[in-house]
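Trainee: Could you take a close look at the largest cavity in this model for me? Once you've been through the lining, I'd like to hear about the surroundings too.

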Amino acid sequence: MLRWLRAFVLPTAACQDAEPPTRYETLFRALDRNGDGVVDIGELQQGLQNLGIPLGQDAEEKIFTTGDANKDGKLDFEEFMKYLKDHEKKMKLAFRSLDKNNDGKIEPSEIVQSLQMLGLQISEKQAKLILQSIDSDGTMTVDWNEWRDYFLFNPVSDIEEIIRFWKHSTGIDIGDSLTIPDEFTEDEKKSGQWWRQLLAGGVAGAVSRTSTAPLDRLKVMMQVHGSKSMNIFGGFRQMVKEGGIRSLWRGNGTNVIKIAPETAVKFWAYEQYKKLLTEEGQKLGTFERFVSGSMAGATAQTFIYPMEVLKTRLAVAKTGQYSGIYGCAKKILKQEGFGAFYKGYVPNLLGIIPYAGIDLAVYELLKSYWLDNFAKDSVNPGVVVLLGCGALSSTCGQLASYPLALVRTRMQAQAMVDGAPQLNMVGLFQRIVSKEGVSGLYRGITPNFMKVLPAVGISYVVYENMKQTLGVAQK
């Protein structure tokens, strides 16, 4: 794409002093497919796709709406030229802010320094990979012409947006994980990009959870009943015998329904905690992001926790014991009181910190290791590496927090187990270790691990397809 722009559109050394109309005329003609002297949004999208510059619907619409000064739904040459000139000015300011020593070139050390000022830590090798994707002459530095060519049609306007572009398009890890909500720019919030991305994630989560629900229910059954004799095959056979094939999905409805409120509360709380932990104008570092994400997760869990209890009760229930979600909630409230909806709440909250912390730390470690040892000509590890890092980091987080998750589930369901004493968290820990040994704290972890890879894979495929369907820009 950049080679085409330099050879066919952008000025060569011989014509860089030419007037702007000469510089952009060939490119405008390439986009004006029907030759009527104006470019509509369809021509812009198709033209950029043909040139190998597909930005995504939102980005292309932003270019179009910004450039369309008279709001007639079309870009004439003057509007097109003015947009690119204005955009070049913004990119020039961004270039100068990165060029710390004012030598007209951006070097890896300057990338590292600039990201550190924004609270982001990367190695110099990773910075070299960023520059390598922009560098066209092999000097391992980027001059103004290379910088301008690379960002000619990307509607980013400042350093923060450029860094977000690198994060999304190259896979640079800046401390995010599945436990920490996505961050969105003001433009993404105004354009509706944020809710489309959250919706895509919600649908992906629903499909993934439904696909792996039988394994999830088996895990809950093994956690609650703690029987050494219940293995995976025997557990599935027992569930099917008791309630038929459909019983394998018992409790999944609640598991899917709680996605929307949990996501909404977590997103809102994350924004609030970020403001509390940083002063106005201060950039959010990895530690602040982790703390904000963990607190947002705790807030969301507090809000939706009764649904967690309902999910466990329905999963453990026998056929006909509850008429549905509403019937289950009504019966619990009548027989046990409102407090039953928060049984196991303490171990649930305690489990958030080790899970989130280890998941985040291991993901960063694996990603950095790949970038430092295996990356050659790109900072994009690719889907397989990213999914592998995510699956391994999630597995390590689960290993650390699983005993707390098991105790939480037992506390949620112990009222349903005949003859089981109603114990608190400490008492239940002691009882499990004394009766079942330390291995009893990991009852059901095998089906839990078995669902990690399919869950991650299904989520990814559905998420990417939903983003395309909803027109989420590919950054």
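Mentor: Here's a walk through the cavity, followed by some other spots worth a glance. Keep in mind that this is a predicted model.

Let's start with the search itself. Run over the whole structure, it turns up 3 cavities of 30 Å³ or more. The largest of them holds about 70 Å³ of space. Who lines it? Going along the chain, you meet Arg209, Ala213, Asp216 and Arg217, then the run Leu248, Trp249, Arg250, Gly251 and Asn252, then Asn255, and finally Lys311 and Ala315. Three helices give two or more residues to that lining: α12 (213-225), α14 (252-257) and α16 (286-316). The biggest giver is α12, with 3 residues. As for chemistry, the lining splits into 5 charged residues, 4 nonpolar and 3 polar. So if you were wondering about the charged ones, they count as 5 here because Asp, Glu, Lys and Arg are the types put in that class.

Now follow α16, since that helix takes part in the lining. Thr312 lies in α16, and its relative accessible area is 4%, so Thr312 counts as buried, the cut-off being under 20%. The Thr312 side chain isn't left without a partner: it makes a polar contact with the side chain of Gln412, at 2.5 Å. Glu288 is in α16 as well. At 22% relative accessibility, Glu288 is partly exposed, because buried would need a value under 20%. Glu288 and Leu276 sit 12 residues apart in sequence, and their C-alpha atoms are 10.0 Å apart in space.

On to helix α19 (residues 383-413), where you'll find Pro403. Pro403 has 12% relative accessibility and so counts as buried. Its C-alpha is 8.6 Å from that of Gly351, although 52 residues separate the two in sequence.

What about the nonpolar cores? The largest has 17 residues, and those with the most contacts inside it are Ile106, Ile111, Ile134, Val142, Trp147 and Phe151. At least two residues of this core come from each of α5 (77-98), α6 (108-117), α7 (124-134) and α8 (144-150). Another core, of 16 residues, lies apart from it and includes Phe28, Val39, Met81 and Phe153.

Next, a pair of backbone oddities. Most residues other than glycine have a negative phi. Lys71 is not a glycine, yet its phi is positive, about 55°. Lys71 is in the loop between α4 (57-67) and β2 (75-76), and with a relative accessible area of 60% it is exposed. Asn102 also has a positive phi of about 55° without being a glycine. Its place is the loop between α5 and β3 (105-106), and at 64% relative accessible area Asn102 is exposed.

Last, the cysteines. How many disulfides does a search of the whole structure find? The count is 0. For two of the cysteines we can say how they're placed: Cys328 is buried, with a relative accessible area of 0%, whereas Cys396 is partly exposed, at 31%.

To come back to your cavity: about 70 Å³ of space, with α12 as the main contributor to the lining and charged residues making up 5 of the lining's members.

Methods. Residues are numbered from 1 along each chain as its sequence is written. This is a predicted model: local features need pLDDT of at least 70, side-chain atom pairs count only at pLDDT 80 or more; totals for chains, interfaces and linings use all residues. Side-chain values use heavy atoms; hydrogens and water are left out. On a 1 Å grid over the protein atoms alone, a cavity is a set of points where a 1.4 Å probe fits but cannot get out, and a pocket is an open set with protein on both sides within 12 Å along at least five of seven lines; lining residues have an atom within 4 Å of a point. Grid points are joined across faces, edges and corners, and a volume is the space filled by probe spheres set on the points. Helices (H or I, at least four residues) and strands (E, at least two) are DSSP runs, numbered from the N terminus. A disulfide is a pair of cysteine sulfur atoms within 2.5 Å. Buried means under 20% relative accessible area, exposed over 50%, partly exposed in between (1.4 Å probe, protein chains only). A nonpolar core is a set of buried Ala, Val, Leu, Ile, Met, Phe, Trp, Tyr and Cys residues joined through side-chain atoms within 4.5 Å. A polar contact is a pair of N or O atoms within 3.5 Å; within protein, one must be able to donate a hydrogen and the other to accept it, and residues adjacent in sequence count only if both atoms are side-chain atoms.
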